[in-house]
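Biologist: I have not looked at this model before. Please take me through its parts one at a time.

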Amino acid sequence: MRTEANRYPGPANLEGRTASGSPDTPRPTGTTDSARAGATSTTAGPAASPILCIDRDTARDHELLHLHAHPEPMLTWSSTATLMGTVARRDWLIPPGYGFWVPGGIEHSGAVLHPGHMVTITFAADGCPLTWTEPTCFTVGPLLREIITHLHRIAPDDHSRPAAEALMFELLTPLPAHHIHVTLPVDPRARTIAEQLIAHPDDQRELTAWADHVHAGTRTLSRLFRAETGLNFAAWRTQVRIRAAIPMLADGTSVNATARAVGYRKPSAFIAAFRRVTGQTPGTYLPQLR
């Protein structure tokens, strides 16, 4: 594992600690102490930046982040990984193109459902412009993605940093209330199916095939999905597919290509399902139509 980090001067110093503020807490790859991982640190004179550290890393399959809390707020952006954060027994899915904000002092845990690249930004406990008091999801569009990449790459005393940080905070906006929340089942058999479909939304297997895969009855799985997610299997899978499609569309992927990528053989079926779930057509999310 190799972590690339960019440390910023600030009111607190993370030297010798994990980004969680705890030297002993096991963490998924990507939120490991960058100094211990061999990354170089950059320092400069006093600055007002609320950013303490930006870690860019590879999340490994099935890594776990055990329950813990830290005073510093943290922002995790998944560029290609599929992650899950858990706060107060609620699971928050973080597929590629999405990010997750955890305020300081809130206990949380997490897991890697599908390996890939991710970025974690740690902020000072005081003075962060983000005032979100609850765990919050957001999307990372092309411009925000480039700004985060730029901030990771430049030195803390680079002349462009203040303007880049200001624009980053301006672009960080919570997902609207109608955002698709996907509930994960608890039963390990249904959970295995759910995690694989989240990581691979184009998987075409129906519940009968999944039943053979997890050695359970079709009726049992059908009952579990409805009882633990509030939806039948087909409706739950549709939500997963539409949620996976939104960041692809926002990134400029065509409707036809997005439909194929999330498991629809016919674009017309994808458009119908998309409208049914969101109340809008996929084209609404394409950048040129905004």
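**Sheet and helices**

Biologist: In what order do the four strands of the open sheet lie?

Modeller: The pairing in this open sheet is antiparallel; two strands pair if DSSP finds at least two bridges between them. Strands (E, at least two residues) and helices (H or I, at least four) are DSSP runs numbered from the N terminus. The model is predicted, so local features need pLDDT of at least 70 and side-chain atom pairs pLDDT 80 or more, while totals for chains, interfaces and linings use all residues. Residues are numbered from 1 along each chain as its sequence is written, and side-chain values use heavy atoms, without hydrogens and water. The four strands lie in the order S3-S8-S5-S6.

Biologist: Which are the edge strands?

Modeller: An edge strand here pairs on one side only. That holds for strand S3 (64-68) and strand S6 (90-94).

Biologist: What does the twist average from one strand to the next?

Modeller: Angles run from 0 to 180 degrees between N-to-C directions, with axes as lines fitted to C-alpha atoms, for helices over the stretch in contact. From one strand to the next, the twist averages 20 degrees.

Biologist: Which residue in S8 stands opposite Leu 64?

Modeller: S3 and strand S8 (residues 108-114) run antiparallel and are joined by three bridges. In S8, the residue opposite Leu 64 is Ala 111.

Biologist: Which strands does H3 touch where it packs on the sheet?

Modeller: The direction of H3 makes about 65 degrees with that of S8. Contact means heavy atoms within 4.5 Å. The strands touched by H3 are strand S5 (82-87), S6 and S8.

Biologist: Which residues in H6 meet H3?

Modeller: The axes of helix H3 (residues 188-199) and helix H6 (residues 233-250) come within 10 Å and cross at roughly 35 degrees. H3 brings Ile 193, Ala 194, Leu 197 and Ile 198 to this contact. From H6 come Phe 233, Trp 236, Arg 237 and Val 240.

Biologist: How many residues in the contact of H3 with H6 are nonpolar?

Modeller: Ala, Val, Leu, Ile, Met, Phe, Trp, Tyr, Cys and Pro count as nonpolar, Asp, Glu, Lys and Arg as charged, and the others, Gly among them, as polar. The contact has no polar residues and one charged residue. The nonpolar residues number seven.

Biologist: At what angle do the axes of H1 and H2 cross?

Modeller: The axes of H1 and helix H2 (residues 161-171) come within 10 Å. They cross at roughly 145 degrees.

Biologist: How many residues of the contact of H1 with H2 are charged?

Modeller: H1 contributes residues including Leu 143 and His 150, and H2 contributes residues including Arg 161 and Glu 165. By class, nine residues are nonpolar and one is polar. The charged residues number two.
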